[in-house]
Amino acid sequence: MRINVNEFLISLSRTLDFAEKGVLRNNYNHGMRVAYIAGRIALALSMPDENLFDLISFSLLHDNGVMKALLESPSRENFNTETNPMHCVEGEKNIAAFPFLNREKNVILYHHEHYDGSGFFGVSGRDIPLYSRVISLADRVAIRYAYGYTSDTIIAQINREARIFDPVVREAFLEMSRYMEFWLGMDDMFVQSSLVSMLPKVSRELDFQKIRTISQIFSSIIDAKSPFTGSHSRGISEKVGMICQYYEFDDTTYWKMRIAADLHDLGKLAVPNEILDKPGKLDVKEFRVIQSHPYYTRKVLEMIKGFEDITEWASNHHEKLNGTGYPYGLGEDRLDFNSRILACVDIYQALTEDRPYRRGLSHEDAIRIMEDMAGNHLIEPAVVEDINSIF
């Protein structure tokens with residue numbers, strides 16, 4: 001599959017915005033805005049296309065460790081990306097297998113380092129990777145722009161903080177910041193098109209097994225959303241792999257199903273934790289919020305060319321054969337076999353793992369519930385039978 005990795009990441013970057021809700025105020029489009037600013041600086045520095053391409057990838061992924069760091073933080077209310085280095089550490093781990101054109105070490109780890117050595121890890125000057133130096137300034141500008149600061153105020157602040165930025169990177173920013181066009185380009189209405197317009201025309205032939213190295217990053221972000229979903233997506237992906245092998249699916253279908261399993265709960269990043277982690281029964285309004293998550297999953301994935309099957313399988317995991325599922329109420333005539341597999345594995349995984357309101361069930365108890373569901377024409381009986389024998 002020929003894929004522009006940057007375009008793929010742009011489609012998924014909205015989920016990082018969801019992940020940062022409650023951490024960074026007014027963070028909508030934060031990843032794209034950082035990538036846009038970093039890209040403009042790179043162009044001003046005459047970076048080659050391959051470097052620009054990787055810098056944009058790093059920029060879009062710079063906060064990918066926020067969910068894990070937030071989960072492990074003693075206080076969610078006081079969590080701040082500018083004072084918590086764990087999101088840098090976790091973010092660097094997450095991208096270990098990402099298919100960059102040219103791998104650079106410690107870009108995410110050091111993206112909050114200061115040129116004068118006063119950052120999290122005390123690294124200074126040219127010992128900080130160039131991409132990190134660019135992202136550091138772009139991140140500061142993007143955050144302050146989102147807070148509603150004027151361009152003049154942002155420029156003044158960058159000048160006051162001159163000691164913490166690479167002087168060459170800062171000068172490139174100051175030069176472009178003189179022009180209204182630069183600031184208009186990062187408006188919510190325009191930032192995606194502004195970013196896409198500067199992307200190098202670099203596409204790569206990646207098979208679905210390689211694409212899965214990207215989907216696993218987002219699977220980790222999803223699972224870190226809540227202590228009660230700490231291995232949910234990973235567990236489903238592993239079990240989906242087992243059942244695909246049992247059915248002797250071809251390699252392409254196998255890896256597409258693994259990707260669909262990784263990404264099926266992308267939309268849960270838009271669900272507040274007070275709902276996900278609620279120990280009691282959800283009220284009607286809260287359940288409606290939960291029911292929205294497959295819709296968000298579909299809206300993110302359907303923007304990715306070549307993901308048509310993956311989008312269907314991932315987005316249909318709460319639909320039921322008799323049409324009583326959500327969010328679309330699809331019936332058996334609209335649910336292919338692979339959608340039915342993922343729905344069944346999702347139910348099995350949910351039943352057998354701990355939740356805030358109950359302990360995980362045994363295999364036998366979970367299968368008993370699923371057999372009842374199959375008998376009521378909710379899920380596929382053949383898949384339930386095979387899960388019973390495989391897992």
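Q: Why is Lys210 called partly exposed?
A: Lys210 has a relative accessible area of 36%. Buried means under 20%, exposed means over 50%, and partly exposed covers the values in between, with a 1.4 Å probe and protein chains only. The value of 36% falls in between, so Lys210 is partly exposed. Lys210 is found in helix 11, residues 208–223. Its C-alpha atom is 11 Å from that of Val5, although the two residues are 205 apart along the chain.

Q: On what kind of model do these values rest?
A: The model is predicted; local features need pLDDT of at least 70 and side-chain atom pairs count only at pLDDT 80 or more, whereas totals for chains, interfaces and linings use all residues. Residues are numbered from 1 along each chain as its sequence is written, and side-chain values use heavy atoms, with hydrogens and water left out.

Q: Why does His363 count as buried?
A: The relative accessibility of His363 is 19%. This is under the limit for buried residues, so His363 counts as buried. His363 is placed in helix 19, residues 363–375. Leaving aside neighbours within four places in sequence, His363 is in contact (heavy atoms within 4.5 Å) with Tyr348, Ile387, Asn388 and Phe391.

Q: What makes Gly31 a buried residue?
A: Gly31 has a relative accessibility of 8%, and therefore meets the criterion for buried. Gly31 belongs to helix 2. Residues up to four places away in sequence not being counted, Gly31 touches Asp17, Ser59, Leu60 and His62. Gly31 and Asn64, 33 residues apart in sequence, have C-alpha atoms 9.6 Å apart.

Q: How do you know that Asn29 is buried and Glu248 exposed?
A: Asn29 has 1% relative accessibility and therefore counts as buried. Glu248, at 69%, is over the limit for exposed residues and so counts as exposed. Asn29 is found in the loop between helix 1 (5–19) and helix 2, and Glu248 in the loop between helix 12 (232–246) and helix 13 (251–263). Phi is positive in Asn29, near 70°, and in Glu248, near 55°; neither residue is glycine.

Q: What makes a set of residues a nonpolar core?
A: The members are buried Ala, Val, Leu, Ile, Met, Phe, Trp, Tyr and Cys residues joined through side-chain atoms within 4.5 Å. The largest such core has 106 residues, of which Phe173, Phe218 and Phe307 touch the most other members. Helix 2 (residues 30–44) gives the most to this core, with eight residues. A second, separate core has five residues, including Val271, Ile275, Ile290 and Tyr326. The peptide bond from Tyr326 to Pro327 is cis, with omega near 5°.

Q: Why is the protein called as compact as a globular protein of its length?
A: Its radius of gyration, taken over C-alpha atoms, is 22 Å. The globule rule, 2.2 Å times the number of residues to the power 0.38, gives 21 Å for 391 residues. The two values are close, so the protein is as compact as a globular protein of that length. Buried residues make up 58% of the 391 residues.

Q: What counts as a helix or a strand, and how many does the protein have?
A: Both are DSSP runs numbered from the N terminus: helices are H or I of at least four residues, and strands are E of at least two. The protein has 20 helices and two strands.
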